[in-house]
Amino acid sequence: MAKPDTRTAGRKSTAKSPRSAAETEKIRAALAARRDELRAEYDHTLSEITELQRDRLTDSAGDDPADTGARTFEREQEISLANNILERITQVERALERLDEGGYGWCERCGNPIPVERLAAFPSATLCVTCKQLEERR
């Protein structure tokens with residue numbers, strides 16, 4: 001027996017109040033600008049990681065195990081930061097897709113509108129405050 005799709009199980013009618021074309025374009029422009037900022041930050045971070053890695057390879061002769069461990073830890077932190085930026089880019093791109101599909105600003109779990117204040121603070125939000133709080137408690 002097929003399992004029901006839990007993402008749409010509690011969703012209310014998909015008929016959402018239409019946003020004006022001007023509002024939609026303003027949101028799209030803001031999201032696209034944020035995506036472009038994040039991509040530039042990601043590219044800069046990658047170039048820094050590459051340069052630091054090159055420097056580490058040429059300047060590691062005679063290092064003791066503690067120095068090697070510290071460099072490994074730093075490299076892992078840098079890669080983690082780059083992955084975090086990449087995840088934020090993905091979130092913004094997903095928000096742009098939702099905008100095109102008409103689902104932007106509506107909770108993916110319950111179907112209720114996401115408060116404008118939340119979207120202003122976190123434009124790629126996909127859950128309303130209540131659903132996000134429930135998700136974080138798990």
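Colleague: What is R39: buried, exposed or partly exposed?
Modeller: This model is predicted. The relative accessible area of R39 is 36%. Buried means under 20% and exposed means over 50%. R39 is therefore partly exposed.

Colleague: Which residue meets R39 in a salt bridge?
Modeller: The two side chains come to 2.3 Å, N to O. R39 lies in helix α2 and its partner in helix α3, so the pair ties together parts that are 54 residues apart in sequence. The partner is partly exposed, with a relative accessible area of 27%. The residue that meets R39 is E93.

Colleague: Which residue meets R98 in a salt bridge?
Modeller: The N to O distance is 2.6 Å. R98 lies in helix α3 and its partner in the loop between α3 and α4, so the bridge ties together parts ten residues apart in sequence. Both residues are buried. R98 pairs with E108.

Colleague: R28 and E25 form a salt bridge; which helix holds both?
Modeller: Their side chains meet at 3.2 Å, N to O. Both count as partly exposed, R28 at 23% and E25 at 45%. They are three residues apart, about one turn of their helix, and that helix is α2.

Colleague: Which residue is linked with E25 and R28 in a network of salt bridges?
Modeller: The protein has ten salt bridges by the count used here. Some of them join up, and E25 and R28 are part of a network. The residue linked with them is D100.

Colleague: What is the nearest side chain of opposite charge to R118, a buried residue with no salt bridge?
Modeller: R118 sits in helix α4. A salt bridge needs N and O within 4 Å. The nearest opposite charge is 6.7 Å away, on E136.

Colleague: How far apart are the end C-alpha atoms of α3?
Modeller: α3 has 37 residues. At 1.5 Å a residue, the helix should span 54 Å. The model agrees, with its ends apart by 53 Å.

Colleague: Which element gives the most to the largest nonpolar core?
Modeller: That core has 20 residues, and L31 and Y104 are among those with the most contacts inside it. Two elements give two or more residues, α2 and α3. With seven residues, the top giver is α3.

Colleague: Which residues does S124 touch, beyond those up to four places away in sequence?
Modeller: S124 is found in the loop between α4 and α5. Its relative accessible area is 10%, so S124 is buried. Its contacts include V92 and A95, which are among the buried residues of α3. In full, S124 touches Q91, V92 and A95.

Colleague: Where does P113 lie, and what is its relative accessibility?
Modeller: P113 lies in the loop between α3 and α4. It touches G105, W106 and C128, leaving out residues up to four places away. P113 counts as partly exposed because its relative accessibility is 49%.

Colleague: What pattern does the protein follow along the sequence?
Modeller: There are five helices and zero strands. Buried residues make up 25% of the 138 residues. Read along the sequence, the pattern is α-α-α-α-α.

Key. Residues numbered from 1 in each chain as written. Predicted model: local features only at pLDDT ≥ 70, side-chain atom pairs only at ≥ 80, totals over all residues. Heavy atoms only, no water. Core = buried A, V, L, I, M, F, W, Y, C linked by side-chain atoms within 4.5 Å. Buried < 20%, exposed > 50% of the residue type's maximum accessible area, 1.4 Å probe, protein only. Helix = DSSP H or I, 4+ residues; strand = E, 2+ residues; numbered from the N terminus. Contact = heavy atoms within 4.5 Å. Expected span 1.5 Å × (residues − 1). Lys, Arg positive; Asp, Glu negative; His and termini not counted.
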